[in-house]
Each structure stands twice: as structure tokens, then as C-alpha cells.
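Q: Could you take a close look at one helix and its packing partner for me? I would like a connected walk through that part and what lies around it.

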Amino acid sequence: MAREKGSHRDHIVGPTSCDCEYFLFHGILEGEGSCIHIQAYNIASRNESFRKIVVKREELKEILTEIFAYGKSLKLRKLISSR
Ligand SMILES: [Zn+2]
């Protein structure tokens, strides 16, 4: 998951997919590559420049539900700021 600074949204992102509007309409609908989140994910992965947080399945479900419903997860933000 990635936190977007500008619009204060959290995204569910992997090496080839993202839940953002740009990727849905350009990456999937038009087949035009990746979004900035995927690019950032891949750069961070190559450089091992990320923070890994291990959560229980129920916590992950809560985080995903918050992102799906509200575009951001307060639970995720609490976990990031507490570690
Ligand atoms: Zn994206």
C-alpha cells in the first residue's frame, strides 16, 4: 500500500497494478502503461526503500475496507506513525 502525499489518499499498489483513477482509465482501459504509484513502488522495491509492516489478517481486512470505503485508512496511518 502506498500513501499519496498530495491528495491524502492511500492506494493499493503492486508491481503491475494500482487502484488509482489514472491506472484504471489509462493503464487498463487504454493499455497505456503504469501510473506514478506503480513506478514509485518498483523504484522503492529495487532500492529496498520501504517500511514493512506485518499485520494480522483481520487488521489487513480493516485497512483494505477503509481504503475501499474512504480512500484512506486511519488504521494504516496509526500503524505507520506508531512504529
Ligand atoms: Zn496509481
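A: Happy to help; here is a walk along helix α3, then its partner, then the parts that come before it. Please keep in mind that this is a predicted model.

Let us start with the helix itself. Helix α3 covers residues 57-70. It has 14 residues and runs 20 Å from its first C-alpha to its last, close to the 20 Å expected at 1.5 Å a residue. Helix α3 is also hardly covered, since just one of its 14 residues is counted as buried. Just past the end of α3 comes G71, with a positive phi of about 85 degrees.

Now for the partner, helix α4, which spans residues 74-82. The axes of α3 and α4 are 7 Å apart and cross at an angle of about 120 degrees. An angle of 65 to 115 degrees would count as roughly perpendicular and one over 145 as roughly antiparallel, so this pair is classed as oblique. On the α3 side, the contact is made by E59, E62, I63 and E66, while α4 brings L74, K75 and L76. Sorted by type, the residues of this contact are three nonpolar and four charged, with no polar ones.

Two residues help to show how open this region is. E62, which sits in helix α3, has 16 other C-beta atoms within 10 Å and is therefore partly exposed; the cut-offs are 20 or more for buried and 12 or fewer for exposed. Looking across to the partner helix, R77 lies in α4. R77 has 15 C-beta neighbours inside 10 Å, so R77 too counts as partly exposed. Two distances add some scale to the picture. R77 and I63 are 14 residues apart in sequence, and their C-alpha atoms are 9.5 Å apart. For E62 and I80, 18 residues apart along the chain, the C-alpha separation is 15 Å.

Stepping back along the chain, we come to the loop between α2 and α3, where E48 is placed. E48 has a positive phi of about 50 degrees, although it is not a glycine. Most residues other than glycine have a negative phi. E48 is exposed because there are 7 other C-beta atoms within 10 Å of its own. In helix α2 we find A44. With 13 other C-beta atoms within 10 Å, A44 is partly exposed. Setting aside its neighbours within four places in sequence, A44 is in contact with S49 and F50.

For contrast, it is worth visiting the largest nonpolar core. Its seven residues are V13, C18, C20, F23, C35, I38 and Y41. In soluble globular proteins, nonpolar side chains tend to be buried together. V13 is found in the loop between β2 (9-11) and α1 (21-29), and V13 is buried because 23 other C-beta atoms lie within 10 Å. I38, another member of this core, touches V13, P15, T16, C18 and F23, not counting residues up to four places away in sequence. How far is V13 from L74, C-alpha to C-alpha? The separation is 18 Å in space, for two residues 61 apart in sequence.

To pull the threads together: α3 is hardly covered, and α3 and α4 meet at an oblique angle through a contact of three nonpolar and four charged residues. The largest nonpolar core, by comparison, includes V13 and I38.

Key
Residues are numbered from 1 along each chain as its sequence is written. This is a predicted model: local features need pLDDT of at least 70, side-chain atom pairs count only at pLDDT 80 or more; totals for chains, interfaces and linings use all residues. A nonpolar core is a set of buried Ala, Val, Leu, Ile, Met, Phe, Trp, Tyr and Cys residues joined through C-beta atoms within 7 Å. Two residues are in contact if their C-beta atoms, placed from the backbone, lie within 7 Å. Helices (H or I, at least four residues) and strands (E, at least two) are DSSP runs, numbered from the N terminus. Axes are lines fitted to C-alpha atoms, for helices over the stretch in contact, and angles run from 0 to 180 degrees between N-to-C directions. Angles under 35 degrees count as roughly parallel, over 145 as roughly antiparallel, 65 to 115 as roughly perpendicular and the rest as oblique. Ala, Val, Leu, Ile, Met, Phe, Trp, Tyr, Cys and Pro count as nonpolar, Asp, Glu, Lys and Arg as charged, and the others, Gly among them, as polar. The expected span of a helix is 1.5 Å times one less than its number of residues.
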